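Here are a few short exercises to help you find your way around. Keep the viewer open and try each one before reading its solution.

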Amino acid sequence: MSEFGTDITSDDIIDTLSFFDNWEDRYKYIIDLGKELPELDAALRSEDHLVRGCQSQVWLVSEAQDGKLYFAADSDAFIVKGLLAVVLAAYNGKTPEQITAFDVEAYFAQLNLLKHLSVTRGNGLRAMVKRIQDTAAAT
C-alpha cells in the first residue's frame, strides 16, 4: 500500500504552494505531486475501487495496518492524480479518528484550491474525500 503522505504532509503542501505567485505554477506543482504517486496495480483498477462522482476515472483502495489507514490511488488524468496526492498528504497513515477529525474544508481553503477548479473537478475532489472519510468511519 502507498505510503505517500507519510513523508509529505498537508502542512508541507500548504507551505510549498504559498511560495508560488500564480496558479499556473501551483498547478504544475500539484501535477508533479501526482507523478510521485506509485502506479496502482492494474488488478486494483476495478469497478469496486472506482470513485463515483469524478469527471475522470479515479480508483482508491485502502488497507488498515497497526490502527492506521493507508490508501493507494490512481487516475487517468494528471491533474486528478495531483489532487489525489494533495488528499493523500492529509489522510494517509492516519488513524480513523484523525481522518474523521481533520477539517478538510479548512485545508482546501488554505490552499485556495476550490476557487481554481471547475465545478466538476471540485465535486470529484469532494467524492474522493468522502470515500476516505466513509472508509475511516466504517473502520
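**Exercise 1.** Decide whether N112 counts as buried, partly exposed or exposed, and say where it sits.

*Solution.* Start with the accessibility: N112 has a relative value of 27%. This is a predicted model, by the way. Buried would need under 20% and exposed over 50%, so N112 counts as partly exposed. Next, look along the chain: N112 is in the loop that runs between α5 (104-111) and α6 (119-138). Now check the backbone: the phi of N112 is near 60 degrees, a positive value in a residue that isn't glycine.

**Exercise 2.** Do the same for D66: is it buried or exposed, and which two strands flank its loop?

*Solution.* The relative accessible area of D66 is 77%. The cut-off for exposed is over 50%, so D66 is exposed. Its loop lies between β1 (58-65) and β2 (68-75). Phi is positive here too, near 55 degrees for D66, again a non-glycine residue.

**Exercise 3.** Work out what kind of aromatic pair F20 and Y29 make.

*Solution.* First the distance: the ring centres of F20 and Y29 are 5.8 Å apart, and a pair needs centres within 6.5 Å. Then the angle: the planes are 40 degrees apart. Stacked means under 30 degrees and edge-to-face over 60, so the F20 and Y29 pair is tilted. As for surroundings, Y29 is buried at 14%, while F20 is partly exposed at 25%.

**Exercise 4.** How many aromatic pairs are there, and which residues do ring pairs link into a cluster?

*Solution.* The count is five aromatic pairs. The cluster consists of Y91, F102, Y107 and F108.

Key. Residues are numbered from 1 along each chain as its sequence is written. This is a predicted model: local features need pLDDT of at least 70, side-chain atom pairs count only at pLDDT 80 or more; totals for chains, interfaces and linings use all residues. Side-chain values use heavy atoms; hydrogens and water are left out. Rings of Phe, Tyr and Trp (its six-membered ring) pair if their centres lie within 6.5 Å; planes under 30 degrees apart count as stacked, over 60 as edge-to-face and the rest as tilted. Buried means under 20% relative accessible area, exposed over 50%, partly exposed in between (1.4 Å probe, protein chains only). Helices (H or I, at least four residues) and strands (E, at least two) are DSSP runs, numbered from the N terminus.
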